[in-house]
Amino acid sequence: MSAGDVTYSENQNGDDASGKLLYQLEQKLERIGERLNPILVKEVRQALKSRMFVIVFALMLIFGWAWSIFGVLLVLSPGVYYNPGGPTMLCGYFFVLAVPLIVAVPLMAFWSLAGERDDGTFELVSITSLTARQIVTGKLGSAIVQMIVFSSALSPCIAFTYLLRGIDIITVFWVLGWTVLISILLSFFAICFATISRSVMWQVFLSVVLVLAFLIAGFSWSSVVVQTLFYGSLPVETGEFWVMNLFVMMMYLSFCLLFTLAAAGKLSFPSDNRSTKIRYAMIIQQLLWVGWMIALALQERDPGVFLVFASCAGFYWLVMGALLSGESPQLSPRARRDLPQSFLGRMVGTWFNPGSGTGYIFAVTSFLGFILVTAFFEITIAVGDGINWSRSRGFDNRLMFAGLAWAYLTTYLGIGRLILLFLRRFYQLGIVASLLVQVILLVLGILLSASAQVLVNGFQNNDYTALQLGNWAWTLAEASDSRGRLPLEVPILIFASAGVVFFVNVCLSLPEIKAVREATPDRVIEEEKELHPERFTEKGGPANPWSDDPSPGSGAEKPSSPEG
Amino acid sequence: MNRPMIELRRVHRFFGDTRAVDDVSFEIPAGEVFGYIGPNGAGKTTSMRILATLDVPTYGDAFVDGFSVVNDPDRVRRRLGFMPDYYGTYANVNCTEYLDFFARAYGLIGRERAKSLKYVMDFTGLDGLAEKPIRGLSKGMKQRLCLGRAMIHDPSVLILDEPAAGLDPRARIELRRMIRSLASDGKAILISSHILTELDEMCDRVGILEQGTLLATGSVADMQDGMRATPQVGDPSMTEIHARVLNTGASLGHWLADRDGISHVVVDGEIVRFTYAGDRQAEAALLREMVLAEFPVVEFAARTKSLEDVFLHVTQGVVQ
Ligand SMILES: Nc1ncnc2c1ncn2[C@@H]1O[C@H](COP(=O)(O)OP(=O)(O)OP(=O)(O)O)[C@@H](O)[C@H]1O
Ligand SMILES: [Mg+2]
């Protein structure tokens, strides 16, 4: 091999400069090709040969051409000078493109992964050196390549719309750009869904759910597009428009990150730490959310902003909390190798450790943190405006609302977790089951309270009463309404139950909280020394309270610090 | 350092009430071919999947080159090639593309990849079919392709689940040759099969599994030897002997019937079968006496057990 190497490069030396440049370019391309994700390479090879892709592509072209012919007739018609044809044309192309992009491509991504899991090829891929993240991004990359193929096939037509009246370039890019971005997000979502189950029945069910979700997403986005194209224009000259786009974009990216980590976590091997990175991503999302909330509140000077953002955050932590507390309570020895060890590290880091109990506490405290920060900023802003915050419009209501939301979250998530722990004694249940338990619990909370009230008061009296204690929806609505009057016992009881449930859950999570680092096996250290000798030469860094033991080998059990 | 390449340490795997693998332990050193025999549902596939890091044991652990399959599957995977009992092939892909994909997936790049592709194609005899779509391959060819995939990254451990299933006799001999040659390269190979004659010639050692428990392990010769003295019927300490004498079958039968330690004499023309309670020395003495008594003996053999007999003897035919 090496001999061939030498003669090859000598030949190149003899060539002229342009040849050398070409050769270098070729080398560079080849190197890029080598570094491309193998899944991407394979998927693209496969996808472009697949019948589904060819059919969708052909249909799209046919519809595109049909619409173009219509467009040409429109241009030739005398009315074109009076009717702005641009929006009509663009809208048509948008629909022609939206069907493959918003429905077909994500659905193909779903089937591509689900199919591999079904026919066993996924197993073969999963035992290669590819990481779960590479598998997910490879699948997504292939979806993006398909999107690019679809969009570029239609791009001449879209360029043509720009020649018509009534449309500006920013609108064209805005519409198409967000269409592609939505398609990417839906593909992420589809890939996440495909990791949920291996059984064919589930997959059929999930794909029906997905198609519905895609159709809803498609219709919502289409209505926005139609609205913009025909009944208004983008307020491109205002700063708000761009800020809004930036905001949506950042949330979008953070969700892409979350979905990637979630899907990769689900696909990685069971003893791997599947959760810590996802929890970091959640914290990032929370920080973004807080940041934007404050920015918006400062600009609008409307405390209602806090209410909206807090509701969304509550919903977010409900879903995430249900998923996190559905994790297995056992920490694998593998995950234990990297547990934080120092006192401070344990205090902060323990809640990021995988596990059901830490997940529950993580969700509940994160939401509490959000509420405290929100309240702090509301007060600060009010004081800054010279308003006596305690008398400011509806402050009590908002505080009561946020507090009750937190208490409900703590109670429902906690009870759901206890039920799940109980059910796990008999069945093997995953995180999706945890989410289902939570949904059932929330619905039951409403139904039982409502029926209790009907039983006691009959149908006549439909005012809020203390019987609606379990009815989180009504109670929260009542709390946020400035005219609403919550009976005093309601908040007291809810807070008390939150306290009790939280306490019970923390007690049951003690084994997780007390988990300490386990020594890395000698064999692993041995190999690490062979593979990365440089990591083992340097010794001892500056002593700081966060630092874990520098050499991976000596990370033996330390006495556990009695916090938590 | 003498680390076994494959080691199962008290592996258990339960599916509900089914104990698919129930406390199995064994070791395979480098360069050894270990045959895994067992009736349907014995737990062969399940234990192989655990080794291949596709499943986790309920209790116990397994090690590949010293790495735990539970806690360091990533390290195990680098040195392990697994050929499952299904093909796992893709639509719309030809042989080269298929192998190329797995080579990339195992992190082989550039010339290294080209080299290993060529080597594997040569080794499995697929070079003629490089551009053929996988869908058009025959069963035997697919089998080869899958073996090729399992060895594309030159793993030091190979786990082959029924690699000979569906192969014609020639292909089987070919497979046997390939496996022996892989073992002589120092790879540890675990191979399961129902075709016992197959394993007979291929394996250094075999393990017999039934209902999730390992009933016996040892070299093929050991096993045959150990089982030698156990006829199908009667006292298991007896040897079944088969002799052929020219024209004097009936009189040998009478001669034998009068002697001590001999029972179940059956005369079938020139062939006389009987069971004899005695060790190998006693067998030799008996033969000498027969010759001295002027019987024209042309064959005298203690019926050695084929692996099939061993299998039938050890297992009970219980299907889970
Ligand atoms: N995923 C599973 N769920 C439930 N039971 C399983 C599962 N996989 C295997 N089993 C059970 O475990 C036992 C062992 O199965 P296994 O496939 O390991 O047998 P085998 O020795 O490979 O059999 P064969 O020779 O038929 O391939 C069987 O009883 C089977 O039903
Ligand atoms: Mg099997």
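How far is the sulfur of Cys95(B) from the closest cysteine sulfur, and in which residue does that sulfur lie? Select Cys95(B) and Cys146(B) in this predicted model. The sulfur of Cys95(B) is 10.0 Å from that of Cys146(B), its closest cysteine sulfur, which is too far for a bond.

**Cysteines of chain B**

Keep Cys95(B) selected and show the surface around the residue. Cys95(B) has a relative accessibility of 0% and therefore counts as buried. Next, add Cys203(B) to the selection. For Cys203(B), the closest cysteine sulfur is again in Cys146(B), but the separation is 20 Å, too far for a bond. Cys203(B) is buried as well, at 8% relative accessibility. With a limit of 2.5 Å between sulfur atoms, the count over all chains is zero disulfides.

**The second largest pocket**

Move now to Gln46(A), Ser50(A), Trp111(A), Ser112(A) and Asn92(B). These are the residues closest to the centre of the second largest pocket, among the 24 that line it. The pocket holds about 550 Å³ of space. To display its framework, colour four helices of chain A: H3 (38-49), H4 (51-76), H5 (86-119) and H7 (132-163), the elements that each give two or more residues to the lining. Which element supplies the largest share of this lining? H5(A) does, with seven residues. Colouring the lining by class gives eight nonpolar, nine polar and seven charged residues.

**Helix H3 of chain A**

From the pocket, isolate H3(A). Its end C-alpha atoms are 17 Å apart, in agreement with the 16 Å that twelve residues should span at 1.5 Å a residue. At the start of the helix, show the side chain of Asn37(A): one of its oxygens comes to within 2.9 Å of the backbone nitrogen of Ile39(A). Then select the buried residues of H3(A), which are Pro38(A), Ile39(A), Leu40(A), Val41(A), Lys42(A), Glu43(A), Gln46(A) and Ala47(A). Gln46(A), one of these buried residues, was also listed among those closest to the centre of the second largest pocket.

**Two positive phi angles in chain B**

Return to Asn92(B), the residue of chain B named at the pocket centre. Asn92(B) occupies the loop between strand E6 (80-83) and helix H3 (95-105) of chain B. Is Asn92(B) buried, partly exposed or exposed? With a relative accessible area of 32%, Asn92(B) is partly exposed. Its phi is positive, about 60°, although the residue is not a glycine. Most residues other than glycine have a negative phi.

Select Glu294(B) next. This residue lies in the loop between helix H10 (280-292) and strand E14 (297-302) of chain B. Glu294(B) also has a positive phi, near 65°, and is likewise not a glycine. Its relative accessible area is 71%, and Glu294(B) is therefore exposed.

**A further loop and a strand in chain B**

Asn247(B) is found in the loop between strand E11 (239-245) and helix H9 (249-257) of chain B. At 71% relative accessibility, Asn247(B) counts as exposed. Draw a distance from its C-alpha atom to that of Glu289(B): the two are separated by 18 Å, and the residues are 42 apart along the chain.

For the strand, select Arg13(B), which belongs to strand E1 (residues 6-15) of chain B. Arg13(B) is buried, with a relative accessible area of 17%. Which backbone oxygen should be shown beside its side chain? That of Val56(B), which lies 3.2 Å from a polar atom of the Arg13(B) side chain.

**The cavities**

The last stops are closed spaces. There are four cavities of 30 Å³ or more. The largest cavity contains about 130 Å³ of space. Centre the view on Phe306(A), Thr374(A), Glu378(A), Arg398(A) and Ala402(A), which lie nearest its centre among 13 lining residues. Helices H12 (304-324), H15 (356-384) and H16 (395-423) of chain A each give two or more residues to this lining. By class, the lining of the largest cavity has ten nonpolar, one polar and two charged residues.

Finish in chain B with the second largest cavity, of about 70 Å³. Its lining includes Met83(B), Gly140(B), Arg144(B), Pro163(B), Glu174(B) and Met178(B). Helices H5 (139-150) and H6 (169-184) of chain B are the elements that give two or more residues to the lining of this cavity. Its lining divides into seven nonpolar, two polar and two charged residues.

Technical notes: Residues numbered from 1 in each chain as written. Chains lettered and ligands numbered in written order. Predicted model: local features only at pLDDT ≥ 70, side-chain atom pairs only at ≥ 80, totals over all residues. Heavy atoms only, no water. Buried < 20%, exposed > 50% of the residue type's maximum accessible area, 1.4 Å probe, protein only. 1 Å grid on protein atoms, 1.4 Å probe; cavity = no way out; pocket = protein on both sides within 12 Å on 5 of 7 lines; lining within 4 Å. Points joined across faces, edges and corners; volume = space filled by probe spheres on them. Nonpolar A, V, L, I, M, F, W, Y, C, P; charged D, E, K, R; others polar. Expected span 1.5 Å × (residues − 1). Polar contact = N/O pair within 3.5 Å; in protein donor to acceptor, adjacent residues only side chain to side chain.
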